[in-house]
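Subject: Structure for you to look at

Hi,

Here is the structure I promised to pass on. Have a look at it first, and then read on for what turned up.

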Amino acid sequence: MDNIAQILKQYLSEAGKINCLDAFKLARELNIQPKEIAEFTKKYGIKIDNCELGVFGSNNFGELSDDIYEKLSSKANSEKKLECSSAWEVAQEFSLNKVGSTTKKSDIEVIYCQLGCFRTRIHHGSKS
């Protein structure tokens, strides 16, 4: 328990939460699958914050990119739902922040969080 507490402490923000990117690092350090992180942190009363794709948190995002929107749309289903892992694949080409900006400010709904934080969400953006 002490070892886990020390590891967790390394990743906590000032607000006592773990940021999305740090949650992936934590999973590697604990040798668990990323999809298990949300359940693990919940067990310790810690919230995951600042989704890199804009689903939750307060990350600052730029403008929507039409090129990225088209690429994301091609990977989304007919209802404009896109799995988190697919968005991260697109980020390999563009950048995570630019992909997050586009999902945050469009009609694309990110589903199936790789960390296990959510399956679906109510989208708050709209493509204009």
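A residue counts as buried here when its relative accessible area is under 20%, as exposed when that area is over 50%, and as partly exposed in between. Please keep in mind that this is a predicted model.

With that cut-off in hand, let's start with Ser 106. Its relative accessibility is 0%, so Ser 106 counts as buried. You'll find Ser 106 in the loop that runs between α6 (96-104) and β4 (109-111). What does the side chain of Ser 106 reach? One partner is the backbone oxygen of Thr 102, at 2.9 Å. Another is the backbone nitrogen of Ile 108, at 3.2 Å.

Next, a couple of backbone oddities. Ser 95 isn't a glycine, yet its phi is positive, near 150 degrees. Ser 95 sits in the loop between α5 (84-93) and α6, and with a relative accessible area of 25% it is partly exposed. Tyr 112 also has a positive phi without being a glycine, in this case about 55 degrees. Look for Tyr 112 in the segment after β4; its relative accessible area is 37%, so Tyr 112 is partly exposed too.

Now the cysteines, which you may want to know about at the bench. How many disulfides are there? The count comes to zero. A disulfide is a covalent bond between the sulfur atoms of two cysteines. To be counted, the two sulfur atoms have to lie within 2.5 Å. Take Cys 113: the closest cysteine sulfur to its own belongs to Cys 117 and is 3.9 Å away, so that pair is too far apart for a bond. Seen from the other side, Cys 117 is in no disulfide either, and its nearest cysteine sulfur is that of Cys 113. As for burial, Cys 113 counts as buried because its relative accessibility is 13%, while Cys 117, at 31%, is partly exposed.

Cys 113 comes up again in the interior. Rolling a probe the size of a water molecule over the atoms shows where empty space is left. In this model, the search gives one cavity of 30 Å³ or more, and the largest cavity has a volume of about 60 Å³. Which residues line the largest cavity? Cys 113 is one of them, together with Cys 20, Phe 24, Cys 51, Glu 52, Leu 53, Phe 56, Cys 84, Trp 88, Leu 115 and Phe 118. By type, that lining splits into 10 nonpolar residues, one charged and no polar. Both α2 (20-30) and α5 supply at least two residues of the lining.

Last stop is Phe 40, in helix α3 (residues 37-43). Is Phe 40 buried or exposed? Its relative accessibility is 15%, so Phe 40 counts as buried. If you set aside its neighbours within four places in sequence, Phe 40 is in contact with Ile 4, Leu 8, Leu 30 and Ile 32. For a sense of scale, try Phe 40 against Ile 108, whose backbone nitrogen came up with Ser 106. Those two are 68 residues apart along the chain, and their C-alpha atoms are separated by 28 Å.

That's what I have for now. Shout if you'd like to go through any of it together.

Cheers

Note on methods. Residues numbered from 1 in each chain as written. Predicted model: local features only at pLDDT ≥ 70, side-chain atom pairs only at ≥ 80, totals over all residues. Heavy atoms only, no water. Helix = DSSP H or I, 4+ residues; strand = E, 2+ residues; numbered from the N terminus. Buried < 20%, exposed > 50% of the residue type's maximum accessible area, 1.4 Å probe, protein only. Polar contact = N/O pair within 3.5 Å; in protein donor to acceptor, adjacent residues only side chain to side chain. 1 Å grid on protein atoms, 1.4 Å probe; cavity = no way out; pocket = protein on both sides within 12 Å on 5 of 7 lines; lining within 4 Å. Points joined across faces, edges and corners; volume = space filled by probe spheres on them. Nonpolar A, V, L, I, M, F, W, Y, C, P; charged D, E, K, R; others polar. Contact = heavy atoms within 4.5 Å.
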